[in-house]
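Could you walk me through a structure I have never seen before? I'd like to learn how to read each feature as we go.

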Amino acid sequence: MSNLFTPLQLGAVEISNRVLMAPLTRCRADQDHVPTEMMVDYYAQRASAGLIIAEATMAMEGNSSFWREPGIYSAAQVAAWKKVTDAVHAEGGKIFLQIWHGGRTCHPVLNDGKQPVAPSALAITSDKANTPEGKLDYPEPRALKDAELPDIVKGFAKAAENAREAGFDGVEIHAANGYLLDEFLRTSANHRDGPYGGSVENRTRLLLEVIEAVAEVWSEDRIGIRFSPLNSFNSMKDEDPVGLMTWLAKQLNSYQLAYVHLMRADFKGEQQADIITPFREQYQGNLIVNMGYSPEEAAEAVSQGQVDAVAFGVPFIANPDLPERIQEGAELNQADPKTFYTQGTEGYTDYPRRNA
């Protein structure tokens with residue numbers, strides 16, 4: 001496992017190991033989307049990760065997909081996140097914030113009746129929304145006008161500016177899992193005409209504009225991006241996922257990003273392809289991967305130069321000391337899915353450390 005425990009330079013940030021914590025939606029913010037004290041404890045407990053990538057966080061008000069996910073658009077949210085970053089840094093950790101717009105996953109029940117927006121007026125049909133009223137069908141979203149997109153770009157930039165004020169080491173732009181930026185990227189959700197639809201160049205235009213706007217308020221080497229080119233979650237598919245990612249890899253070489261975070265598979269197993277190899281062949285920066293890696297497979301991937309680091313999701317839920325357990329070859333706690341999205345400390349901050 002020694003390959004997982006060597007330092008790595010991610011843009012402006014040096015991390016001490018290559019066992020990263022993937023962003024995990026946990027729904028523990030309050031009703032105003034302000035991070036809570038239990039979130040301070042949760043992230044501080046996991047500070048031994050080479051990098052914590054904090055959960056999907058609303059860049060702009062009024063775009064809730066998960067009911068109690070956090071935001072980064074208000075002064076109260078910035079102040080609450082500052083407690084999190086201070087606690088992580090006090091434990092020697094590094095933490096990025098994943099900034100996000102839910103697009104057509106933003107259910108009206110969660111947003112004062114507001115219709116969600118998307119590249120095209122195409123509803124999610126493969127999943128249902130989790131709301132205080134139970135699981136509900138997703139409505140048809142409203143197709144965004146080209147003239148509205150600059151405000152979305154500015155919203156991401158402001159979120160990055162607020163993340164810097166809150167003490168984060170960088171931001172991860174969420175362009176995965178069927179949320180707004182991913183909806184523009186992939187052909188199943190983007191049926192637009194004009195400058196933001198059709199060709200791969202047009203479908204990636206909004207993402208590149210967001211990168212450039214975020215870089216203006218912070219810097220390119222504090223930016224990561226997450227992609228899920230195969231994941232069919234939220235009714236997503238692309239007619240040529242390998243071609244999409246190969247083209248993106250070449251474009252992203254124009255920026256000095258901290259990293260690209262690539263999800264290698266499909267939650268539902270509907271789309272299959274080798275995404276990592278062609279992306280690695282083209283992309284010259286740091287490549288982080290995740291989805292179902294064992295520690296052994298992760299170490300092998302790093303040692304062979306296939307990837308630079310591996311992000312672990314569910315194992316970090318149940319094992320706040322995951323890097324130490326991996327390094328020592330210790331048994332892992334098993335996570336309880338029934339508490340993944342509840343609002344209390346059970347299944348959140350009460351998993352035991354091995355040497356506690």
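**A loop, then the whole fold**

A: Let's start with one residue: tryptophan 67 is found in the loop between E4 and H2. Helices (H or I, at least four residues) and strands (E, at least two) are DSSP runs, numbered from the N terminus.

Q: Where do these models and numbers come from?
A: This is a predicted model, where local features need pLDDT of at least 70, side-chain atom pairs count only at pLDDT 80 or more, and totals for chains, interfaces and linings use all residues. Residues are numbered from 1 along each chain as its sequence is written, and side-chain values use heavy atoms, with hydrogens and water left out.

Q: What can phi tell me about tryptophan 67?
A: Most residues other than glycine have a negative phi. Tryptophan 67 goes the other way, with a positive phi near 75°. Histidine 33 also has a positive phi, about 65°, and is not a glycine either. You'll find histidine 33 in the loop between E3 and H1.

Q: Are tryptophan 67 and histidine 33 buried or exposed?
A: Buried means under 20% relative accessible area, exposed means over 50%, and partly exposed is in between (1.4 Å probe, protein chains only). Tryptophan 67 has a relative accessible area of 32%, so it is partly exposed. Histidine 33 is at 9%, so it counts as buried.

Q: What lies over the face of tryptophan 67?
A: A charge sits over a ring if NZ of Lys or CZ of Arg is within 6 Å of the ring centre and within 35 degrees of the ring normal. Here arginine 68 lies over the face of tryptophan 67, 5.2 Å from the ring centre. Elsewhere, the charged end of arginine 264 sits over the ring of tyrosine 293, 3.7 Å from its centre.

Q: How many aromatic pairs does a search of the whole structure find?
A: Rings of Phe, Tyr and Trp (its six-membered ring) pair if their centres lie within 6.5 Å; planes under 30 degrees apart count as stacked, over 60 as edge-to-face and the rest as tilted. The search finds 11 such pairs. In one of them, phenylalanine 66 and tyrosine 179 have ring centres 6.2 Å apart and planes at 80°, so the pair is edge-to-face.

Q: Which parts does the pair of phenylalanine 66 and tyrosine 179 tie together?
A: Phenylalanine 66 lies in the loop between strand E4 (52-58) and helix H2 (75-90), and tyrosine 179 in the loop between strand E10 (170-175) and helix H4 (180-185), so the pair ties together parts 113 residues apart in sequence. Phenylalanine 66 is partly exposed at 21%, while tyrosine 179 is buried at 6%.
Another edge-to-face pair is tryptophan 81 with phenylalanine 168, at 5.3 Å centre to centre and 65° between the planes. This pair links helix H2, which holds tryptophan 81, to the loop between helix H3 (149-165) and E10, which holds phenylalanine 168, 87 residues apart. Both tryptophan 81 and phenylalanine 168 are buried. Ring pairs also link them with Tyr42, Tyr43 and Tyr348 into a cluster.

Q: Which residues have the most contacts inside the largest nonpolar core?
A: In soluble globular proteins, nonpolar side chains tend to be buried together. A nonpolar core is a set of buried Ala, Val, Leu, Ile, Met, Phe, Trp, Tyr and Cys residues joined through side-chain atoms within 4.5 Å. The largest one has 93 residues, and Tyr43, Phe227 and Leu252 have the most contacts inside it. A second, separate core has 14 residues, including Leu8, Ile15, Leu20 and Tyr259.

Q: What is phenylalanine 227 in contact with?
A: Contact means heavy atoms within 4.5 Å. Setting aside neighbours within four places in sequence, phenylalanine 227 is in contact with residues including Ala175, Leu185, Leu207, Met245 and Met263.

Q: What does serine 235 touch?
A: Its place is the loop between strand E11 (223-227) and helix H7 (241-252). Not counting residues up to four places away in sequence, serine 235 touches Arg104, Ile124, Thr125, Ser126, Asp127 and Ser188. Serine 235 has a relative accessible area of 19%, so it is buried.

Q: How many helices and strands does the protein chain have?
A: The chain comes to 11 helices and 14 strands. Buried residues make up 59% of its 356 residues.
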